[in-house]
Amino acid sequence: MDSILGYQAFCYAILKKLLKRIAGCVSAIKNAGISVPKSHIKYCNFQRERALSAVMELLNSANPPDAFFSVNDRGAIEIIKLLEERGLKVPEQIGVAGFGNEPMSSYIFPSLTTIVQHPFNLGELAAEIIIQEITAEVPVKIQNHIINPELIVRKSTLRQGT
């Protein structure tokens, strides 16, 4: 079995509305040769207590994950805090990553690995499409646009020896 940044058993604290984001993550992890048990995917709907309860449930399970991914940085930071309160060391024992590259993600300790979604580029593209739609004399064809995210690896996933 391969690993990503030295971790093999992932868990997701996720929002149902973000299933495509998670599907992409699961696909990338599977492409790295790591299986993702369905029991490690938790739907928390941005509810802090629900997410932390899911983390505790997974930590107490027979097959606990060695890494957590949250659909937002705030949730990932909450997971780090909970893990540390339980005496678990991030990243030595458990890795944590988030999504959004919030300013606080680089200031906490350990600094949070995150995925940046380039919101400025997204907004710029949206404005261009709206202007094009408004100024077009004929209906504009529906188009798909992909703005590639960027992984920012920080200390929360940097195990020694990986």
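Begin by selecting strands β5 and β6 (residues 150-152) in this predicted model, where you will find that the two pair in the antiparallel sense over 3 bridges. To see one place where they meet, pick Ile115, which stands opposite Leu151 in β6.

Next, keep β5 on screen and add strand β4 (residues 95-99), which runs parallel to β5 and is joined to it by 3 bridges. Here Ile115 appears again, since the bridge partner of Phe99 in β5 is this residue.

Now show the side chains of β5 itself, which covers residues 113-116. Thr113 and Ile115 point one way from the strand, whereas Thr114 and Val116 point the other way, and all of these residues are buried.

From Thr114, move to Asp73, whose side chain is joined to that of Thr114 by a polar contact of 2.7 Å. Asp73 lies in helix α3, which spans residues 73-85, and if you leave out residues up to four places away in sequence, Asp73 touches several others, including Phe99, Asn101, Glu102 and Leu112.

Stay with Asp73 and look for a partner of opposite charge: which side chain of that kind is nearest? It is Arg154, at 5.7 Å, and because a salt bridge must fall within 4 Å, Asp73 has no salt bridge although it is buried.

Finally, colour the chain by pLDDT, whose mean is 83, with 85% of the residues reaching 70 or more. Confidence is highest in α3, the helix that holds Asp73, at a mean of 94, and lowest in strand β1 (residues 10-14), at a mean of 51.

Note on methods: Residues are numbered from 1 along each chain as its sequence is written. This is a predicted model: local features need pLDDT of at least 70, side-chain atom pairs count only at pLDDT 80 or more; totals for chains, interfaces and linings use all residues. Side-chain values use heavy atoms; hydrogens and water are left out. Helices (H or I, at least four residues) and strands (E, at least two) are DSSP runs, numbered from the N terminus. Buried means under 20% relative accessible area, exposed over 50%, partly exposed in between (1.4 Å probe, protein chains only). Lys and Arg count as positive and Asp and Glu as negative; His and the chain ends are not counted. A polar contact is a pair of N or O atoms within 3.5 Å; within protein, one must be able to donate a hydrogen and the other to accept it, and residues adjacent in sequence count only if both atoms are side-chain atoms. Contact means heavy atoms within 4.5 Å. Two strands pair if DSSP finds at least two bridges between them. pLDDT is the predictor's confidence in each residue, from 0 to 100.
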